[in-house]
Amino acid sequence: MKISVIGAGYVGLVTGGCLAEIGHQVVCTDSDIVKIRTLESGSLPIYEPGLDAVIAKARRDGHLSFHENLADAVDFGEVIFICVGTPPLPNGDADLSAIDNVARLVATSARGPKLVIEKSTVPAQTGQELKRALSVYGRKSGITFLVASNPEFLREGTAVADFLHPDRIVVGVEDEIAERQLKEIYGPVLEGKFNCPIHAPACPAGPPPAWLVTTINSAELIKHASNSFLALKISYTNMVADLAERLGADIGEVTRAMGMDPRIGPSFLNAGLGFGGFCLPKDLQAFVHLAERSGVDFSLLKEAEKINRRRMDHFVEKIRRALWVIRGKKIGVLGLAFKPNTDDIRFAPAIDLIQLLVADGACVRAYDPEAMEKARTVLPKVEFAPSAYDAAQGAEALLIATEWEQFRRLDWERIRESMARPLVLDGRNMLSPLEMKTRGFEYFSIGRPD
Ligand code: UGA
């Protein structure tokens, strides 16, 4: 099928690349010409494991191209995926101006009927507004536009696998034509009929994705409700961790047992510095606003947000207790990205943490396997180390802010010898307190006996 993807950000690139991978003809465009030129030159503006190979292959096979001309790109597809950003406004609401711009662009550039699909995360009822906007902006053309919602559940770091092997595909539609077109688009994923770029020689056995057909409003609500629930789960765990700390219990033992209950499930029960990134924090805020505007008191979510904001004070207090005075101390930080396997630092807890430490007068030297380039611009007073060992060298404390797998496998004896004081504060509970003590470290983590 011929598909246009509008928005060459994270979601647009994964969507465009994977749709091409499963056999569709995809044209991807963006109002940011520099981004499109970067992509045309063969570079990716983001780090996402496996995505560079998927995009390079799709381009080689002639299944994917990047176009600067928005109008041409829009007219290419019989189906258009809207993958533009919906960043938070100062009041926390989602900024839908990019969606509005796309509606105008589509309505004025299309020369034939289109199915317009919302992939961007948007508040419920945006589909209705989109439909109205398309008919207002396109009133002179007489072209029919169908609208559908197809929320994505991609996680940064594993997005290609998430796209090709989803648990569920949710399609919010109002008519059979849109449903049929969406089923055709996702056919190869539903039937597992594509050459998987991630798993060789074969994909792990598992149930096929669930195909869920809902109303557009429900599909939009599913996305916000899912992300907000995940945020809630993390904040809940973090509060239990604080309690475990006071009571001498171990949060790891507690959540392990909790997670074995299928009604609770084991994921998103990791205590630590809290949730960041460009999805959970902003979606939670937008959901709170949506509830408020709809006259529903969802203060439960406000509490989850407040708990998340307090995580950093809690951790800085731990650092202060261990170091006594922060001013003038050399502190090494491992991890800058909001989570491992990405270079994304938007709303990253590590960045907030470093900013607080710098404001308190600490001399910070940081290392991240992928995110240093992006972090440089927001952390002008921070020194960036070429390796984790260099970040630790001469430091009076070493903090773990992102749980990159490679940090687990560091030569910790070497680190102990090189530090001015062998003190590690683990904001992600990735190391074992017992092992660290045996290796001769003072070691503090979250919700576990010190
Ligand atoms: C999130 C959702 O998980 C995806 O399903 C969704 O598609 C995506 O947002 C989106 O809306 O596009 P993502 O932002 O990639 O995905 O990151 P998560 O894996 O959800 O992690 C978010 C934050 O929570 C990270 O800072 C992570 O360190 C933190 N986290 C996660 C915890 O603190 N504890 C946990 O147990 C899990």
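**Ligand contacts.** I looked up glutamate 156 first and found one of its backbone N or O atoms 2.7 Å from an oxygen atom of the ligand. The model is predicted, and I read every distance here as computed from it. At lysine 223 I found a polar side-chain atom, also placed 2.7 Å from an oxygen atom of the ligand. Leucine 269 uses its backbone: an N or O atom there lies 3.3 Å from a ligand oxygen. I then checked how far the ligand is covered. On its own it has 710 Å² of accessible area, and the protein covers 93% of that.

**Shell around the ligand.** I listed 21 residues around the ligand. Those that come nearest are Leu154, Glu156, Lys223, Asn227 and Asn270. I sorted the shell by residue type and got 10 nonpolar, four polar and seven charged residues. Next I asked which helix gives the most to the shell. The entry is helix 9, with four residues. Helix 9 spans 216–247, and helix 11 spans 280–293; each supplies at least two shell residues. I also searched for pockets, and the largest pocket is the space taken by the ligand.

**Salt bridges.** How many salt bridges does a search of the whole structure find? I noted 31. I picked out one pair, lysine 302 with glutamate 292, whose closest N and O atoms are 2.9 Å apart. The pair links distant parts of the chain, with lysine 302 in helix 12 (residues 299–323) and glutamate 292 in helix 11, 10 residues apart. As a reminder to myself, side chains of opposite charge can pair when their charged atoms come close. Helix 11 therefore appears twice in these notes, as a supplier of shell residues and as the helix that holds glutamate 292, a residue that meets the 4 Å cut-off for a salt bridge with lysine 302.

**Backbone geometry.** I went through the backbone for unusual entries. Where is the cis peptide bond that I noted? It joins alanine 200 and proline 201, with omega at about 0 degrees. I placed proline 201 in the loop between helix 8 (176–191) and strand 8 (210–214). I also noted glutamine 125, which has a positive phi of about 85 degrees although it is not a glycine. Glutamine 125 lies in a loop too, the one between strand 5 (114–118) and helix 6 (126–137).

Notes
Residues are numbered from 1 along each chain as its sequence is written. This is a predicted model: local features need pLDDT of at least 70, side-chain atom pairs count only at pLDDT 80 or more; totals for chains, interfaces and linings use all residues. Side-chain values use heavy atoms; hydrogens and water are left out. A residue is near a molecule or strand if one of its heavy atoms lies within 4 Å of it. A polar contact is a pair of N or O atoms within 3.5 Å; within protein, one must be able to donate a hydrogen and the other to accept it, and residues adjacent in sequence count only if both atoms are side-chain atoms. Accessible areas come from the Shrake-Rupley method with a 1.4 Å probe; for residues, only the protein chains shown count as cover. On a 1 Å grid over the protein atoms alone, a cavity is a set of points where a 1.4 Å probe fits but cannot get out, and a pocket is an open set with protein on both sides within 12 Å along at least five of seven lines; lining residues have an atom within 4 Å of a point. A molecule sits in a cavity or pocket if more than half of its atoms lie within 2 Å of its grid points. Ala, Val, Leu, Ile, Met, Phe, Trp, Tyr, Cys and Pro count as nonpolar, Asp, Glu, Lys and Arg as charged, and the others, Gly among them, as polar. A salt bridge is a side-chain nitrogen of Lys or Arg within 4 Å of a carboxyl oxygen of Asp or Glu.
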